[in-house]
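Me: Please go through the charged pairs and the surface of this structure, one question at a time.

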2 protein chains.
Amino acid sequence: MTFANIGTLGAHPGKRDELIRILTRPNNALIEAGCRIYEVGAHEDDPNTVFVIELWDSAAAHRASLELPSVRAAIVEAMPLLSGEMGGNHFDVVGSPLRR
Amino acid sequence: MTFANIGTLGAHPGKRDELIRILTRPNNALIEAGCRIYEVGAHEDDPNTVFVIELWDSAAAHRASLELPSVRAAIVEAMPLLSGEMGGNHFDVVGSPLRR
């Protein structure tokens, strides 16, 4: 069942774009690990927040991806930029009006 | 610029699945209006919440879709099922590690 991980990451003032660069760095290992959608976003009214949408083949695939060397390296690189404010949801996808 | 609309919709107890049926009813008008991703989700630990992920060609496309007859009809149909609790974010997509 497709697993969705939706999140908001707080960045220290002035560090949002650097955090975005890390999160959007091309990484085929995510696709091989079962990631189908990974969108990184921002809102002009919220200069210190990075938004993330992830869709994975399963919750297990998402969990396993956190052990990937490239993901662990990105987390270490991003850590100093994070304010500690985080939010989000994860859930199972049950359908779409775009699919028969 | 791709526009993301992420939301949580509270349903009255026992009404979540009926709300999901309305939201996942096939609707090609959404695709024609510029909707690229529309995922509806649930979490077993949260029996009264429906999760929604939408990606649109633009914020304007999303706004215009709310005027579609099929969308207006679905909103009217869903209204009695909603508890009034709502949450979410909308933002511009700025990149993805899955794209070069």
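**Salt bridges and surface**

Reply: To begin, this is a predicted model. In chain B, a salt bridge joins the side chains of B:Glu67 and B:Arg72, with an N to O distance of 2.6 Å.

Me: Is B:Glu67 exposed or partly exposed?

Reply: Exposed means over 50% relative accessible area. B:Glu67 has 52% relative accessibility, so B:Glu67 counts as exposed.

Me: And B:Arg72, its partner in the salt bridge: exposed or partly exposed?

Reply: The range for partly exposed runs between 20% and 50%. The relative accessible area of B:Arg72 is 45%, so B:Arg72 is partly exposed.

Me: Which residue does the side chain of A:Asp57 meet in a salt bridge?

Reply: A:Asp57 sits in the loop between strand E3 (49-56) and helix H3 (59-65) of chain A. Its partner is in strand E2 (residues 35-42) of chain A, 21 residues apart, so the pair links distant parts of the chain. The N to O distance is 2.8 Å, and the partner is A:Arg36.

Me: What is the relative accessibility of A:Arg36?

Reply: A:Asp57, on the other side of the salt bridge, has a relative accessible area of 36% and is partly exposed. A:Arg36 also counts as partly exposed, because its relative accessibility is 45%.

Me: How many residues apart in sequence are the parts that B:Asp57 and B:Arg36 tie together?

Reply: The side chains of B:Asp57 and B:Arg36 meet in a salt bridge of 2.8 Å, N to O. B:Asp57 lies in the loop between strand E3 (46-56) and helix H3 (59-65) of chain B, and B:Arg36 in strand E2 (residues 35-43), so the parts tied together are apart in sequence by 21 residues.

Me: Are B:Asp57 and B:Arg36 exposed or partly exposed?

Reply: B:Asp57 has a relative accessible area of 35%. B:Arg36 has 44% relative accessibility. Exposed would need over 50%, so both residues are partly exposed.

Me: How many salt bridges does the structure hold over all chains?

Reply: Among them are the pair B:Glu67 and B:Arg72 and the pair A:Asp57 and A:Arg36. Over all chains, the number of salt bridges is twelve.

Me: What is the area of the nonpolar surface patch that includes A:Met79?

Reply: A:Met79 is placed in the loop between helix H4 (69-78) and strand E4 (82-95) of chain A. With 48% relative accessibility, A:Met79 is partly exposed. Together with A:Leu66 and A:Ile75, A:Met79 makes a nonpolar surface patch of about 260 Å².

Terms used:
Residues numbered from 1 in each chain as written. Chains lettered and ligands numbered in written order. Predicted model: local features only at pLDDT ≥ 70, side-chain atom pairs only at ≥ 80, totals over all residues. Heavy atoms only, no water. Salt bridge = Lys/Arg side-chain N within 4 Å of Asp/Glu carboxyl O. Helix = DSSP H or I, 4+ residues; strand = E, 2+ residues; numbered from the N terminus. Buried < 20%, exposed > 50% of the residue type's maximum accessible area, 1.4 Å probe, protein only. Patch = residues over 30% accessible without salt bridge, like charges linked within 9 Å, V, L, I, M, F, W, Y side chains within 5 Å. Areas by Shrake-Rupley, 256 points an atom, 1.4 Å probe, with all protein chains shown as cover.
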